[in-house]
Amino acid sequence: MKHTEEKHLSLFLDVCCQNEEPRLPLHTSIALFLLSYCECKSFKVFLVFTKPASSQSLRSQLPEGLDVSDVQLEALPQLVRGCRLPAVLDETGMLCRAGLAVVLRHVINKALEADPSRKDVLALLGFKKTCLKACAEVSKWTRLCEIGIPSAVEEHLKNPTNQYQQLPLSILTFERRLAEPVKVHNDDKIRRQKLQEQRRNEKNESPEGKGKPDTESEPGRSPQVSDGLELRAALAKLSVDSVPTTTTRENSEIRKVKTTDLPPLQHVFAEGLYFTLTDLVLLPCIYQYLCSLQAHAASSLHQLPHLLRWYSRVQEVPGVLRAAKECGMALSIPQVLMSSLPGPSAEDLPTSLLELEEGQEMAVQPPFVGGPRPTLTKLQENGIEAVFTPHPCPEWTLPWDSLPGAISPTEGKMSNIRSVRKRQQLNNLVAMVTELARPGHTIVDFCSGTGHVGIVLAHTLPDCQVILIENKEESLVRAQSRGAQLGLKNIGFIQANLDYFTGPFHIGVALHACGVATDMVMDHCIQAGAEFVISPCCYGFIQNAIKFTFPKSKRFQETLTYKEHMILCRFADQTAVQLHPERRLIGKQCMGLVDLDRSWVAETQGYSVQVMTMEPESCSPKNNMLVGRLPHKSGLKVSARQQEALVHN
């Protein structure tokens, strides 16, 4: 039955062009490789061409049994066209999942729904099912695997001529990661077993029931008995019957050894001991990179002994060689590449990509000392003070009593008091969006959660198209259910990180976008030339990120250091009702100053930005609202007409 339900899922994959010939980019190859490994038949695959062409020449790279069709870019469904591929569209055509990590995790879930017995597929999600779940904007590891390494290899494949002597930085970062000790759940027990094996080896003894220690070397690998334990643990997790787990309990002498004195565990796979989705993502990337080097000088690969060892290990995993063959990948390592091993230790490697990105952040986050008053005084002396625009319609409210029940934020375990406050927050955002909206506009609810804002907007502005974007699948599925219950037709749902949404829109809205999420939403709106209504939250989580450094505006940068700005952010969170009124007042000032810095950045891009307080102020401790208008877009206002219509809704 599940196959019958799932056959309507559509998976859209890019096809690029190189030398006038179609080629599968890495994100597409990775998705196909996972489909083959999982033996998942739940998707109809569409290869997306930007110019007239056929996938006939690509057949050797397409797993047998997949339902594959060609489609031109202009023929894509509108929701998919607004996203970066890969993307999956559900059978309703109203929920799109976009971005490599999101799509791959969805493929795994669908494969498990079709065949729950596939424990090897479940294991791909890793400990607590979190493998590549954190979005690339906040997780450096996800960003390296989802963006860094695939992008570096793609760039190398396009222009390899001058890159053979200089390895991509992201590849070196992966090498360094593989050289680091592993930290895994319950590793203390495994490390004690490892110490016991090492001591037995020193006495030239073999563990009972295990045969001789694993001392046989292979290219690029120094003979170490310690590696045997890690490999046995890794393969036991994959249910390889021929490699039993270690069950011998350590002796009392081993149990007395301090944890800090136990030997470290070495990587077997990308994230540690166990084979996960990360390995399946990286394997096609490294395969194509090594293939590119086969016909060229590969002396620089002496810097990658751990990577080549990992590449060899992955091929021992059941199902990998079969899936690779189906996708046209011959994984064996050419001898010319192995001849340069072993290589230098991790300490000899250049500074990694992760360290380059983290360096400044790590160096500029000393412990907070003291309060915000010196910083506030410094800003005052430079003529910088928080300015709040009066609320234009403080009494405006949605007609909650006459609205359908599915619109009201009373679902789940939300208390009555919280529900009232949530309604008040929605009143503020909807009032401001209504001021900006015109018939035919597309409104995007970023960080939409279960859809409190977006669903109200879709219902009250039927002449507008509303798109909800959220990274958490559970929240978005709930939002879709609410939308279906209301019979809304002018609404779409996208599970994706912000960067994977590329479609045009007119207004961006976000209620309580945490930390730098507010800055990401503002930046997305600015890049799209869209107006915005944003309620920030979690100021204390603000810190330098990939796209942003703080303070942001030129005038703030000339006045405050990063540490001083972080003090503002920290005390901007001191607005809870149980705090002393004077402390809350200082917190409100800090909120206003952080948002003033943000607004000045938008104003350099032609925006008129107002920082105002939601009404009533008690609706939330985080009651700021940033409204960004573009003067050249001012024209027919529909707010009065729509407000009148709301009364009759």
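Here is a walk through the sheet of this predicted model and two helices that lie across its strands. Residues are numbered from 1 along each chain as its sequence is written. Because the model is predicted, local features need pLDDT of at least 70, and side-chain atom pairs count only at pLDDT 80 or more.

Let's start with the whole sheet. Twelve strands (DSSP E runs of at least two residues, numbered from the N terminus) form an open sheet with mixed pairing, in the order β5-β4-β1-β6-β7-β10-β9-β8-β11-β12-β14-β13. At its edges sit β5 (67–72) and β13, each pairing on one side only. From one strand to the next the twist averages 20°, with axes fitted to C-alpha atoms and angles running from 0 to 180 degrees between N-to-C directions.

Now look at strand β14 (residues 624–629). Five of its six residues are buried, so this strand is largely enclosed by the rest of the structure; buried means under 20% relative accessible area with a 1.4 Å probe, protein chains only. Two strands count as paired if DSSP finds at least two bridges between them. β14 pairs in the antiparallel sense with β12 (residues 531–537) over three bridges, and with β13 (residues 608–613) over six bridges, also antiparallel. Leucine 626 in β14 is the bridge partner of isoleucine 534 and of valine 611.

Elsewhere in the sheet, β6 (residues 87–89) and β7 (residues 95–98) pair in the antiparallel sense over three bridges, with alanine 98 in β7 as the bridge partner of alanine 87.

Finally, the helices (DSSP H or I runs of at least four residues). Helix α4 (residues 100–114) lies across strands including β6 and β7, running at about 115° to β7. Helix α18 (residues 452–460) lies across β8, β9, β10 and β11, running at about 170° to β9.

How values were computed: Heavy atoms only, no water. Buried < 20%, exposed > 50% of the residue type's maximum accessible area, 1.4 Å probe, protein only. Contact = heavy atoms within 4.5 Å.
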